[in-house]
Amino acid sequence: MAKKIAGGLDRILTMELVRVTERAAVAAARLRGRGDEKAADQVAVDAMRAELNRLAIKGTVVIGEGERDEAPMLYIGEEVGTGEGPEVDIALDPLEGTTICAKNLPNALAVIAIAEKGSLLFAPDVYMDKIAVGPGYPAGIIDIDAAPEENIRKVAEAKGVPVGELTACILDRPRHAKLIEAVRGTGAAIRLIGDGDVAGVIHTTDPDETGIDIYLGTGGAPEGVLAAAALRCIGGQMQGRLLLDTPEKVARAAKMGISDPSKVYTIEEMARGDVLFAATGVTDGNMLAGVKFGRNFITTDTIVLRSSSRTVRSIKARHQDLEKFDA
């Protein structure tokens, strides 16, 4: 019988999650640069689902490939695992950056987060407005309702540097034209990314290494919850607001228990309690190396995070049992 977790998640799940993202990453990596986004995403979904169903959990997908009528597998509300272990919420993206993978560009990832049941934001697959910074800043340093210029100025002041030394990460989309113009007007630099905003948000946690100080703009709500889960583990601040701009989207959100379409979610409201997060590189990136295929082995690079202990584990693995990745 499934049970609630007492005192947080079992540490054994940390290593179990590594296997889940490794398998999805290897499956997707076989189709890097082939120009077929759907095929790469599908093999990653198949691989992640197969590995999740080996875990001794009673898991519910709260952030996944879409709602049930849009996704045949790993849809929002789908139950995964053996059904014999603890009850957990799962947020996942088997291939974060499908276009990136199809073009073999940097920062495609296989990503998953697990938390105690009822701890992750249960939201429809819509856009989310987001703002995020890494650790080390005073509480309330960012405000999603403030002008971009104000947020940039406050971060620069708190960091003790001129605005011109900051870099903002923004998805390269036509909808962000005014945002980009406003940020550039402050004198700050911009790192435009074509896809992969989970990695974009995580990059704010180590600006000395990544060069990213703040993340701004709209992207997928699933990626928003995954990014919030990662930040909960590493440290940082994030706010998000679902863009429920049609009656149909408002109705979908209401079915999931969201009564206030304009609510601003804090990082703790998107990912509460004890959270585990894992990401494996599919393509090479700033944070993780991509999958490498040798003649007799496969190499993967994974980061695993836990919020309760603020533990960050980097796992570089060499897999010599190649058959399991082709099963």
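How many helices and strands does the protein chain contain? In this predicted model, the protein chain comprises 10 helices and 14 strands.

The overall dimensions were examined next. The radius of gyration of the protein chain is 19 Å, which agrees with the value near 20 Å that a compact globule of 327 residues would have. Along the principal axes, the C-alpha atoms occupy a box of roughly 55 × 45 × 35 Å. Of the 327 residues, 54% are buried. When contacts between residues at least 6 apart in sequence are considered, 70% of them join residues at least 24 apart.

With regard to the surface, the protein chain exposes about 13900 Å², of which carbon and sulfur atoms supply 48%. The protein chain carries 39 positive and 48 negative charges, and the mean positions of these two sets lie 3 Å apart.

Helix 2 was considered in greater detail. This element spans residues 37-52, a run of 16 residues. From its first C-alpha to its last, helix 2 reaches 22 Å, close to the 22 Å expected at 1.5 Å a residue. Its buried residues are Ala40, Asp41, Ala44, Val45, Ala47, Met48, Glu51 and Leu52. An α-helix has 3.6 residues a turn, so residues three or four places apart point the same way. The packing partners of the buried residues of helix 2 include two helices, helix 1 (12-29) and helix 3 (98-103). These buried residues also pack against strand 2 (79-80), strand 3 (87-96) and strand 4 (109-116).

Methods. Residues numbered from 1 in each chain as written. Predicted model: local features only at pLDDT ≥ 70, side-chain atom pairs only at ≥ 80, totals over all residues. Heavy atoms only, no water. Helix = DSSP H or I, 4+ residues; strand = E, 2+ residues; numbered from the N terminus. Rg over C-alpha atoms; globule rule 2.2 N^0.38 Å. Buried < 20%, exposed > 50% of the residue type's maximum accessible area, 1.4 Å probe, protein only. Contact = heavy atoms within 4.5 Å. Areas by Shrake-Rupley, 256 points an atom, 1.4 Å probe, with all protein chains shown as cover. Lys, Arg positive; Asp, Glu negative; His and termini not counted. Charge placed at Lys NZ, Arg CZ, Asp CG, Glu CD. Expected span 1.5 Å × (residues − 1).
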